[in-house]
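Here are some questions that a newcomer might ask about the structure below, each answered by setting a value against its definition.

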Amino acid sequence: MAGRLWCVVAVVLVIMWAFSEVSDGQMSRPRTPKRKRKGEEVEPTPPPESNIINDQMLGKWYLLNVASKCSYLMTPGNRVEATTMELDLITSGEEQKLSVKTTTRHNHQCWEIHQVYELTQAGGHFILKGQNPNLDTKVIVLDTDYTSYAILAYERQRKTARKTSAPKKITMKLYARSVQKLHEPTLKKFEDIAATKNFGLAYMFPPHVTSHCDTVDQDHIINCIPTC
């Protein structure tokens, strides 16, 4: 159950381009891979040195694409649903945290997930606390212009029976302020940055084209504060 919750929440956070249209009026492109030139690397635009959270970053974002090797998404019949993420800054004394409210569908039912990201000293780096430090999720803003798009990475340590380090589980997401006004170069940038994390086109999952949830009843609100 915990593993499935990680996959669903990672898809919405919580938690595609290769298979369907991203949104109304925004068509998917031919999936012809381009051969990378020798020595060519795609570098994301670094976020500011100071912590990236400010009034420009807050507010509502729409999920447009997911890069993931999560087995849940790769199982036939499972898909990413239309999802929104709303960011707000919580201030208590001298302490600040990032409030994250994610709204999505699961089994045709609208759900709302409440989470809090801990701010860190590194700009654009946050921590989503797990039930123990080994279950913490590192959230990194890889690239954003604040006003139209944001590319986020979610890193979590893989579970292993041995007391040795294991490869991290990584999920990448492309968010936008609108589902209809994102430029083609930004979509290409997401694919290029994902490729540096070994996510080919087969691991791209745009959300299923449905309307977003407007309201969620109290029985379908998941409060993951401080942890799920």
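Q: Why is Thr84 called buried or exposed, whichever of the two applies?

A: This is a predicted model, in which local features need pLDDT of at least 70 and side-chain atom pairs count only at pLDDT 80 or more, while totals for chains, interfaces and linings use all residues. Residues are numbered from 1 along each chain as its sequence is written, and side-chain values use heavy atoms, with hydrogens and water left out. Thr84 has a relative accessible area of 7%, and buried means under 20% relative accessible area, exposed over 50% and partly exposed in between, with a 1.4 Å probe and protein chains only; therefore Thr84 is called buried.

Q: What is Thr84 in contact with, leaving aside its neighbours within four places in sequence?

A: Contact means heavy atoms within 4.5 Å, and by that rule Thr84 is in contact with Lys60, Trp61, Tyr62, Lys101, Thr102, Thr103 and His212. Thr84 itself has its place in strand β2, a strand being a DSSP run of E with at least two residues, whereas a helix is a run of H or I with at least four, both numbered from the N terminus.

Q: How do you know that strands β2 and β3 pair?

A: Two strands pair if DSSP finds at least two bridges between them, and nine bridges join β2 (residues 84–92) to β3 (residues 95–106), which run antiparallel; therefore the two strands meet the definition. Ile90 stands opposite Lys97 in β3, and in the hairpin of β2 and β3, with two residues between the strands, Gly93 takes a positive phi near 65 degrees.

Q: What makes β3 and β4 a pair?

A: Ten bridges link β3 and β4 (residues 109–119) in the antiparallel sense, and Thr104 has Trp111 in β4 as its bridge partner.

Q: Which residues touch the most other members of the largest nonpolar core?

A: A nonpolar core is a set of buried Ala, Val, Leu, Ile, Met, Phe, Trp, Tyr and Cys residues joined through side-chain atoms within 4.5 Å. Of the 24 residues in the largest one, Met85, Leu87, Tyr117 and Leu152 touch the most other members. A second, separate core of 18 residues includes Tyr149, Val179, Ile193 and Met204.

Q: Why is Leu73 in helix α2 called buried or exposed, whichever of the two applies?

A: The relative accessibility of Leu73 is 4%, which lies under the limit for buried, so Leu73 counts as buried.
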